[in-house]
Amino acid sequence: MRPGAAARGGSSSRAFGPAGEGRALTSVAAGETYEGGQADGPPAPRLWHVTLSVSGAEAPLKDVRRALEQLAHDHPFLLTSRYANDHAEIRYWEEARDLHDAAAVALRLWGEHRQSAKLPPWEIVGLEVIDRDTYHQRIAEGHGPLPASPVGVHPF
């Protein structure tokens, strides 16, 4: 489970928006229903398709693969990873209230798990976060990334 994620119902951590105001990030358990959110409460979480791209100095392919497999094992929300000896791309679905929250979680992913999964010391060089409807619209129009098949860790 991701740090800050709760087994059921979610927990909060802090993120800061453009003006430095604090906003709670909420992780939610898979399988819960969010339809019919309360009008006076916070917005109901939505699904966001995240593509995180990282790159850096060359590393042995077997080490990169092992590290991405460990990350996927530790965090089963990962949908697919593609890798080479100097870059990788991770794709997954994130459940969050808004794009800001989904992007904040994505930007922490690589750094927070660098040691535990023995990830290469690469930097994040790209991030795309799109909502579920946009993802499906792109697929229907023949644009954007195809659905991950097979799911898992694969070379480019």
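**Helix H1, two aromatic pairs and a shared core**

In this predicted model, Lys62 and His73 of helix H1 are exposed. The other side of the helix tells the opposite story: Val64, Ala67, Leu68 and Leu71 are buried in H1. These four cover an arc of only 95° around the axis, so they sit on the same side of H1. That fits the usual helical geometry: an α-helix has 3.6 residues a turn, so residues three or four places apart point the same way. The helix itself spans residues 61–74, which makes 14 residues, and from first C-alpha to last it reaches 20 Å, close to the 20 Å expected at 1.5 Å a residue. What do the buried residues of H1 pack against? Their partners are strand S4 (78–83), strand S5 (87–96), helix H2 (99–112) and strand S7 (152–155).

Stepping back to the whole chain, the protein has 3 helices and 7 strands, and from the N terminus on the elements run β-β-β-α-β-β-α-β-α-β. Of its 156 residues, 35% count as buried. Contacts reach well along the sequence: among those between residues at least 6 apart, 66% join residues at least 24 apart. The accessible surface comes to about 8,900 Å², with 53% of it belonging to carbon and sulfur atoms.

Some of the residues just met turn up again in the largest nonpolar core. This core has 25 residues, and the members that touch the most others are Leu68, Leu71, Ile90, Tyr92, Trp110, Leu119 and Trp122. Strand S3 (46–55), H1, S4, S5 and H2 are the elements that give two or more residues to it, and H2 gives the most, with 5 residues. As a general backdrop, nonpolar side chains tend to be buried together in soluble globular proteins. Ile90 shows how the pieces meet. Setting aside neighbours within four places in sequence, Ile90 is in contact with Val50, Thr51, Leu52, Leu68, Leu71, Leu78, Thr80, Ser81 and Trp110. That list includes Leu68 and Leu71, two of the buried residues of H1.

How many aromatic pairs does a search of the whole structure find? It turns up 2. One is edge-to-face, made by Trp93 and Tyr135, at 5.0 Å centre to centre with 80° between the planes. Trp93 lies in strand S5 and Tyr135 in helix H3 (residues 132–140), so this pair ties together parts that are 42 residues apart in sequence. Are its two members buried or exposed? Trp93, at 24% relative accessibility, counts as partly exposed, whereas Tyr135, at 5%, counts as buried. Trp110 and Trp122 form a stacked pair, at 6.2 Å centre to centre and 5° between the planes. It links distant parts of the chain, 12 residues apart: Trp110 is in helix H2, and Trp122 is in the loop between H2 and strand S6 (123–131). Both Trp110 and Trp122 are buried, and both are among the core members that touch the most others.

The loop between H2 and S6 also holds Lys118. This residue is a bit of an oddity, having a positive phi of about 60° although it is not a glycine. With 58% relative accessibility, Lys118 counts as exposed, in contrast to Trp122, which is buried in that loop.

Key
Residues are numbered from 1 along each chain as its sequence is written. This is a predicted model: local features need pLDDT of at least 70, side-chain atom pairs count only at pLDDT 80 or more; totals for chains, interfaces and linings use all residues. Side-chain values use heavy atoms; hydrogens and water are left out. The expected span of a helix is 1.5 Å times one less than its number of residues. Buried means under 20% relative accessible area, exposed over 50%, partly exposed in between (1.4 Å probe, protein chains only). The arc is that of the directions from the helix axis to the C-beta atoms. Contact means heavy atoms within 4.5 Å. Rings of Phe, Tyr and Trp (its six-membered ring) pair if their centres lie within 6.5 Å; planes under 30 degrees apart count as stacked, over 60 as edge-to-face and the rest as tilted. A nonpolar core is a set of buried Ala, Val, Leu, Ile, Met, Phe, Trp, Tyr and Cys residues joined through side-chain atoms within 4.5 Å. Accessible areas come from the Shrake-Rupley method with a 1.4 Å probe; for residues, only the protein chains shown count as cover.
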